[in-house]
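Here's a quick briefing to read alongside the model. Have the viewer open and follow along as the topics come up.

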Amino acid sequence: MARIMISFLAPSGYGKSTAIRLISEFYKIQNIKIAQPLYELQEHFYNFIEKDINGEQDGELLQFLGKKIRKEKENFLTYRFITEINKFDKEFYIIANDDCRPPDYQVLKELGFIFIKVNGFKRTRNDHTPADPTSSIEWQSEITCDYEVDNYGTFDEYSKNLKELLEKIFNENGGINGK
């Protein structure tokens with residue numbers, strides 16, 4: 001039984017995190033975010049200035065932190081990511097990532113990740129401050145994906161599309177058991 005590693009690619013608000021939630025209903029999955037240290041720094045920042053953003057994302061701050069960390073220590077985020085992956089044994093059949101950015105792509109590719117592009121449109125999200133979609137750190141359509149999944153319709157349609165795609169991926173990669 002092979003462990004499958006997948007990474008969803010799409011602009012913010014297209015349903016990457018939703019895909020992880022939906023997949024976890026059918027399969028044993030562990031989502032590991034490359035940007036987890038950025039989320040932790042965001043939390044520290046708002047705690048420091050004593051402001052509650054009610055669990056929302058500050059895309060502007062996250063982009064700034066991501067660029068600055070990569071400038072100061074280029075491989076820090078991917079090194080931390082690899083360290084986190086190595087903490088999980090084969091019992092987690094799917095290792096997922098829902099925040100791959102262009103600078104991370106090659107590392108994930110070398111680790112054996114399968115890339116899934118989410119087709120759709122931006123859904124409304126309550127971000128504290130939205131990310132700049134034109135930023136070089138954001139998803140780029142030039143990234144080569146192995147598969148695509150559509151998220152144009154309802155939540156149930158998206159769930160069905162994901163389940164069908166995963167079954168195809170598993171069949172092509174030696175099979176996998178559900179929960």
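What follows is a short tour of the fold, the cores, the helix packing, the salt bridges and a couple of backbone oddities.

This is a predicted model, so take what follows as values computed from predicted coordinates. The chain has 179 residues, and 44% of them count as buried. Its secondary structure adds up to six helices and five strands.

**Overall fold**

- Going along the sequence, the elements come in the order β-α-β-α-α-α-β-α-β-β-α.
- Contacts here reach a long way in sequence: of those between residues at least 6 apart, 82% join residues at least 24 apart.

**Nonpolar cores**

- The largest nonpolar core is made of 24 residues, and I6, F8, I23, I116 and I169 have the most contacts inside it.
- Helices and strands both feed this core: β1 (4-9), α1 (16-23), β3 (94-97), β4 (114-120), β5 (147-151) and α6 each give it two or more residues.
- Helix α6 makes the largest contribution, with six residues.
- To see how one of the well-connected residues sits, click on I169: leaving out residues up to four places away in sequence, I169 touches I4, I114, I116 and Y147.
- There's another core apart from this one, with 23 residues, including L65, L77, I85 and C100.
- As background, nonpolar side chains in soluble globular proteins tend to be buried together.

**Helix packing: α1 against α6**

- The axes of α1 and α6 come within 10 Å and cross at roughly 70°.
- An angle between 65 and 115 degrees counts as roughly perpendicular, so that is how α1 and α6 sit relative to each other.
- The crossing of α1 past α6 is right-handed.
- On the α1 side, the contact is made by K16, T18, A19, L22 and I23, while α6 brings F155, Y158, S159, L162 and L166.
- I23 therefore turns up twice: in this α1 contact with α6, and among the residues with the most contacts inside the largest core.

**Helix packing: α2 against α3**

- Here the axes are 10 Å apart, and the two helices pack at an angle of about 120°.
- That angle falls outside the roughly parallel, antiparallel and perpendicular ranges, so α2 and α3 count as oblique to each other.
- Like the other pair, α2 passes α3 in a right-handed crossing.
- From α2, the contact takes in L38, Y39, L41, Q42, F45 and Y46, and from α3 it takes in L61, L62, L65, G66 and I69.
- L65 is one to highlight, as it is in this contact and also belongs to the 23-residue core.

**Salt bridges**

- The structure holds four salt bridges, and three of them are covered below.
- In general, side chains of opposite charge can pair when their charged atoms come close.
- E72 pairs with K68, with the closest N and O atoms 2.8 Å apart.
- Why can these two meet? E72 and K68 are four residues apart in helix α3 (residues 59-72), which puts about one helical turn between them.
- Of this pair, E72 is exposed at 55% relative accessible area, whereas K68 is partly exposed at 35%.
- K87 bridges to E84, again with closest N and O atoms 2.8 Å apart.
- K87 is exposed, with a relative accessible area of 56%, and E84 is partly exposed at 27%.
- K160 pairs with E164, where the closest N and O atoms are 2.9 Å apart.
- Both K160 and E164 belong to helix α6 (residues 155-172), and they sit four residues apart, about one turn of the helix.
- E164 is partly exposed, at 42% relative accessibility.

**Positive phi in the α2–α3 loop**

- Which backbone angle should you check at E50? Its phi is near 55°, a positive value in a residue other than glycine.
- E50 is in the loop between α2 (36-48) and α3, and E50 is exposed with a relative accessible area of 75%.
- N54 also has a positive phi near 55°, and it isn't a glycine either.
- N54 lies in the loop between α2 and α3, and N54 counts as exposed at 62% relative accessibility.

Technical notes
Residues are numbered from 1 along each chain as its sequence is written. This is a predicted model: local features need pLDDT of at least 70, side-chain atom pairs count only at pLDDT 80 or more; totals for chains, interfaces and linings use all residues. Side-chain values use heavy atoms; hydrogens and water are left out. A salt bridge is a side-chain nitrogen of Lys or Arg within 4 Å of a carboxyl oxygen of Asp or Glu. Buried means under 20% relative accessible area, exposed over 50%, partly exposed in between (1.4 Å probe, protein chains only). A nonpolar core is a set of buried Ala, Val, Leu, Ile, Met, Phe, Trp, Tyr and Cys residues joined through side-chain atoms within 4.5 Å. Contact means heavy atoms within 4.5 Å. Axes are lines fitted to C-alpha atoms, for helices over the stretch in contact, and angles run from 0 to 180 degrees between N-to-C directions. Angles under 35 degrees count as roughly parallel, over 145 as roughly antiparallel, 65 to 115 as roughly perpendicular and the rest as oblique. A crossing is left-handed if the near helix is turned anticlockwise from the far one by less than a right angle, and right-handed if clockwise.
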